[in-house]
Amino acid sequence: MKVLHSIMTIVVVGFTIVACGTQSDKESTRVVSSEIEIEAIGQSDEQIRLAKSLIASSDASKIKAVNAKKMFKNYCAVCHGRKGNLELNGAEKLSKSSASLEQRVAQIYFGKGTMAPFKGIIKNEEIVAVAKYLDEIKKKNKKVVVWDYT
């Protein structure tokens with residue numbers, strides 16, 4: 001049992017290092033989508049344009065078929081937390097993020113700062129699905145305050 005626990009600890013630590021790894025924002029990145037093959041220099045406007053193309057070229061039925069909650073739990077929660085508010089290793093507080101869908105797709109696809117890029121790790125439709133799932137996280141974390149003056 002101790003051996004299994006040790007192996008699981010090593011796997012979790014290894015995944016954390018990969019998921020929260022580093023990448024320079026200035027690196028050149030090759031983007032390949034169903035009909036797109038463009039060299040991106042890492043400039044925000046270019047990444048957003050490519051994210052828009054990725055969203056447009058993704059099959060809506062494949063996006064809906066993705067279990068985005070499970071993917072978020074497996075790939076993102078280690079740094080962002082299950083509710084999107086952990087902020088481990090400089091991770092953004094997703095529960096309060098105002099990033100657009102395009103910005104979220106670009107961030108997941110290309111990575112940024114200590115966040116590793118997920119291109120080639122998960123499918124494009126999965127990237128879009130996880131980016132859309134962040135809206136659910138924000139809705140769940142909104143606190144409604146009701147004042148009762150009676």
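When I call a residue buried in this talk, I mean that its relative accessible area is under 20%, and by that cut-off Cys 76, with a relative accessible area of 15%, is a buried residue. Please keep in mind throughout that what we are looking at is a predicted model.

Let me begin with the overall layout and then come back to that cysteine. The protein has six helices and two strands, and, read from the N terminus, the order of these elements is α-β-β-α-α-α-α-α. Of its 150 residues, 38% count as buried. If we take the contacts between residues at least 6 apart in sequence, 58% of them join residues that are at least 24 apart.

Now to Cys 76, since someone at the bench will want to know about disulfides. A search of the whole structure finds zero of them. Why does Cys 76 have no such bond? The closest cysteine sulfur belongs to Cys 79, and because the two sulfurs are 8.9 Å apart, they are too far from each other for a bond, the cut-off for a disulfide being 2.5 Å.

Turning to the aromatic side chains, the search of the whole structure finds three aromatic pairs, and I will describe two of them. One is formed by Phe 72 and Tyr 133, a tilted pair with 5.7 Å from centre to centre and 50° between the planes. Phe 72 sits in helix α4, residues 68-80, while Tyr 133 sits in helix α6, residues 124-141, so this pair ties together parts of the protein that are 61 residues apart in sequence. Both Phe 72 and Tyr 133 are buried. Another pair is made by Tyr 109 and Phe 110, and here the arrangement is edge-to-face, with the centres 5.0 Å apart and 70° between the planes. Tyr 109 and Phe 110 are likewise both buried.

Those two residues bring us to helix α5, whose buried residues are Arg 104, Val 105, Ala 106, Ile 108, Tyr 109 and Phe 110. After α5 comes Gly 111, which has a positive phi, near 75°.

You will have noticed a charged residue in that list, which takes me to the salt bridges. The search of the whole structure finds three. In one of them Arg 104 is paired with Asp 135, with 2.9 Å between the closest N and O atoms. Since Asp 135 lies in helix α6 and Arg 104 in helix α5, residues 101-110, this bridge ties together parts that are 31 residues apart in sequence. The two partners differ in their surroundings, because Arg 104, at 8% relative accessibility, counts as buried, whereas Asp 135 is partly exposed at 30%.

Asp 135 also meets the side chain of Lys 138 in a salt bridge, at 3.8 Å from N to O. Asp 135 and Lys 138 are three residues apart in helix α6, so about one helical turn separates them. Through these shared partners, Arg 104, Asp 135 and Lys 138 are joined into one network.

The remaining bridge is the one between Glu 46 and Arg 49, with the closest N and O atoms 2.9 Å apart. Glu 46 and Arg 49 are both in helix α2, residues 44-57, and, being three residues apart, they are separated by about one turn of the helix. Arg 49 is partly exposed, with a relative accessible area of 39%.

I would like to finish with helix α6, which has come up several times already. Is α6 mostly covered or mostly exposed? It is mostly covered, with 13 of its 18 residues buried. Its length can be checked as well: at 1.5 Å a residue, the 18 residues should span 26 Å, and because the C-alpha atoms at the two ends are 26 Å apart, the model agrees with that expectation.

One residue of α6 deserves a separate word, and that is Glu 126. Glu 126 is buried yet has no salt bridge, and the nearest side chain of opposite charge, that of Lys 123, is 5.1 Å away, whereas a salt bridge would need a nitrogen within 4 Å of a carboxyl oxygen. Which residues does Glu 126 contact, once its neighbours within four places in sequence are left aside? They are Val 66 and Met 71.

Note on methods: Residues are numbered from 1 along each chain as its sequence is written. This is a predicted model: local features need pLDDT of at least 70, side-chain atom pairs count only at pLDDT 80 or more; totals for chains, interfaces and linings use all residues. Side-chain values use heavy atoms; hydrogens and water are left out. Rings of Phe, Tyr and Trp (its six-membered ring) pair if their centres lie within 6.5 Å; planes under 30 degrees apart count as stacked, over 60 as edge-to-face and the rest as tilted. Helices (H or I, at least four residues) and strands (E, at least two) are DSSP runs, numbered from the N terminus. Buried means under 20% relative accessible area, exposed over 50%, partly exposed in between (1.4 Å probe, protein chains only). Lys and Arg count as positive and Asp and Glu as negative; His and the chain ends are not counted. Contact means heavy atoms within 4.5 Å. The expected span of a helix is 1.5 Å times one less than its number of residues.
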